[in-house]
Amino acid sequence: MNDTSSMTGRPVISSTGLFTPEESITNEELVASFNEYVQRHNAEHADAIAAGEMEPLAESSVGFIEKASGIKARHVMAKEPILDPDIMAPRWPQRSNDELSILAEIGVKAAKQALERAGRKPEDVDAVLCAASNMERPYPAMAIEIQQALGIDGFGFDMNVACSSATFGIQTAADYIRAGNAKSVLVVSPEITSGHLNWRDRDSHFIFGDVATAVLVEDAAVAPEKHWDILGTKLKTVFSNNIRNNFGFLNRAYPEDAGGPDKLFVQEGRKVFKEVVPMVAQMIVDEAERLDIEPQGLRRLWLHQANTGMNRLIAHRVLGHEANEDESPTVLDTYGNTSSAGSIIAFHLHSEDLKEGDTGLICSFGAGYSAGTVFVRKHG
Ligand code: COA
C-alpha cells in the first residue's frame with residue numbers, strides 16, 4: 001500500500017484489547033514485605049547505624065501510599081519473588097529463542113482480543129507497532145515477534161516514549177492511515193513495569209503494575225460500523241531528568257556502576273507533579289481549541305493513570321469543575337501505574353456506555369517529558 005496519492009484515509013479506533021495478569025499485590029502485602037526487608041537491613045547494619053555511619057531505612061505505610069497515589073493494588077506477572085524480601089524483583093524461567101518472549105506473549109493476548117472485538121483476521125492487518133516503555137531486548141523488535149505470532153503479513157517496529165508510548169503509537173498508526181500507507185494498524189503496549197521498578201525504594205515501590213493493551217487503528221473505509229472517530233492527535237516532548245532510567249547496554253562501559261539504583265526507575269515525584277500538570281492541561285485546552293471542541297463539553301477523559309491527584313487537577317483545569325468518576329474514570333486503584341497502558345485500560349473498561357456523538361479524550365503523559373492527546377467521537 002504505497003500509492004499515497006489515491007488512498008489517503010480517515011483514521012478511527014475500531015477496537016481495543018486488554019490482558020490483565022491473574023496475580024495482584026495489595027498495599028498491605030507490599031508494605032509487609034517491604035517493612036520486613038527494612039527490619040532485616042537495619043538489624044544487619046545495627047552497629048553502623050548505632051555508630052552514626054549509616055542512616056537506618058524507614059518503613060513504608062499503606063496509608064501514605066493510598067493517600068499520595070490512590071493506588072490500592074497492582075497486577076504483576078510474578079508475585080512471589082517480588083514479595084520475597086530476599087529477592088524483591090520479578091523472576092520467571094528464562095525462555096529459549098524458540099519460545100515466545102514473555103512481553104510478546106502478553107501483547108499477543110491483548111492484540112487477539114482487539115482483533116476479535118473488531119471481527120478482524122490477522123490477514124486484514126498491515127502493521128504492528130509495539131509501543132511500550134520497557135522492551136525486553138533491543139532486537140529483533142518485539143513488534144515483529146508479535147506480528148509473527150499473530151500471523152500478520154506486513155511490517156512492525158518498536159517505539160518507546162515511556163508513559164506516552166501508546167498515544168504516540170496511535171498518532172503514528174493514524175498517520176499511516178492518513179497517508180494511505182496502511183488501512184489497519186495494531187498498536188500493542190505490553191508493560192511489564194515490575195521489571196524496571198526498584199521494589200526496595202520506599203519513595204516509589206508502590207507505583208507500578210503489569211498489563212498489556214492493544215488498540216486497532218483503521219481507515220474508516222474498512223472499520224466496523226461501531227467505532228471511534230479520531231478527531232485529532234497531538235504529541236509533545238520536553239526534555240527532563242525528573243523521571244529517568246539509566247539502564248542500557250552502554251552500562252557495560254562503566255562496570256563499577258552497572259547495577260546502581262539509577263538503572264531502575266527513579267523520579268523527583270513532586271517536581272513531576274508540579275511541572276507536568278500545567279503542561280498537559282494547557283496542551284489539552286490548546287488542542288481542543290484547534291479542533292473546535294469545547295473542553296467543558298467533553299463527555300469523558302481517559303487520562304494517564306499515574307496519580308489520582310494529578311488526574312483530578314488536570315481534569316479540573318480542562319472541564320472547569322471537579323470531575324466525577326463518570327467524567328474521569330480511574331483504574332489506578334486496582335492496576336497501579338501501568339505506564340503507557342493506563343489511559344488505554346481506562347478507555348477499554350469505561351467507554352461502552354457512551355452514546356453516538358459523545359466526544360472524549362485519551363491522554364497520556366510521563367517521562368521525557370512526553371504527552372499525547374487523542375480526541376475521539378463515538379460512531380454507531
Ligand atoms: N511510606 C510512608 N511514607 C513515605 C513513603 C512511603 N512509601 N514514601 C515517602 N514517604 C514520606 C516521605 O519521606 C516524606 O516525609 P517527610 O514529609 O517527613 O519528608 C512524605 O512521605 C512525602 O514524600 P513525597 O515524596 O514528597 O510524597 P508526595 O506527596 O510528593 O507523593 C508521589 C509521592 C510519587 C506519589 C507524588 O509525588 C506523585 O505522584 N508524583 C507524580 C508521579 C508521577 O506521575 N510519575 C510519573 C511516573 S510515569
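Author: Let's settle one word before we start: a residue is buried when its relative accessible area is under 20%, with a 1.4 Å probe and protein chains only. Keep in mind that this is a predicted model.

Reader: Okay, so which residues in α7 are buried?
Author: Helix α7 covers residues 165-179. Going by the under 20% cut-off, the buried residues of α7 are S165, A166, T167, F168, G169, I170, Q171, A173, A174 and I177.

Reader: What comes right after α7, and what is its phi?
Author: Helix α7 has 15 residues and reaches 21 Å from its first C-alpha to its last, close to the 21 Å expected at 1.5 Å a residue. Next comes G180, with a positive phi near 85°.

Reader: How far apart are the end C-alpha atoms of α1, and what should its 18 residues span?
Author: The helix runs over residues 27-44, and at 1.5 Å a residue it should span 26 Å. The model agrees with that, since the end C-alpha atoms of α1 are 25 Å apart.

Reader: What covers the buried residues of α1?
Author: The buried residues in question include L30, F34, Y37 and H41. Their cover includes β2, α2, α3, β3 and α4.

Reader: On to the ligand: which helix gives the largest share of the shell around it?
Author: Both α3 (62-69) and α8 (269-290) supply at least two residues of that shell. The largest share is four residues, and it comes from α8.

Reader: Which polar side-chain atom lies 2.7 Å from an oxygen atom of the ligand, and how much of the ligand does the protein bury?
Author: That side-chain atom belongs to R270. Backbone atoms join in too: R202 has a backbone N or O atom 2.9 Å from a ligand nitrogen, and a polar backbone atom of G269 also lies 2.9 Å from a nitrogen of the ligand. Taken alone the ligand exposes 970 Å², and the share buried by the protein is 71%.

Reader: Is N307 buried or exposed?
Author: N307 is one of the residues that come nearest to the ligand, and it is found in the loop between β11 and α9. Its relative accessibility is 12%, so N307 counts as buried.

Reader: Which residues is N307 in contact with, leaving aside its neighbours within four places in sequence?
Author: One link is to a backbone: the N307 side chain reaches the backbone nitrogen of G309 at 2.7 Å. Once neighbours within four places are set aside, N307 is in contact with A68, S69, F273 and L332.

How values were computed
Residues are numbered from 1 along each chain as its sequence is written. This is a predicted model: local features need pLDDT of at least 70, side-chain atom pairs count only at pLDDT 80 or more; totals for chains, interfaces and linings use all residues. Side-chain values use heavy atoms; hydrogens and water are left out. A residue is near a molecule or strand if one of its heavy atoms lies within 4 Å of it. A polar contact is a pair of N or O atoms within 3.5 Å; within protein, one must be able to donate a hydrogen and the other to accept it, and residues adjacent in sequence count only if both atoms are side-chain atoms. Accessible areas come from the Shrake-Rupley method with a 1.4 Å probe; for residues, only the protein chains shown count as cover. The expected span of a helix is 1.5 Å times one less than its number of residues. Buried means under 20% relative accessible area, exposed over 50%, partly exposed in between (1.4 Å probe, protein chains only). Contact means heavy atoms within 4.5 Å.
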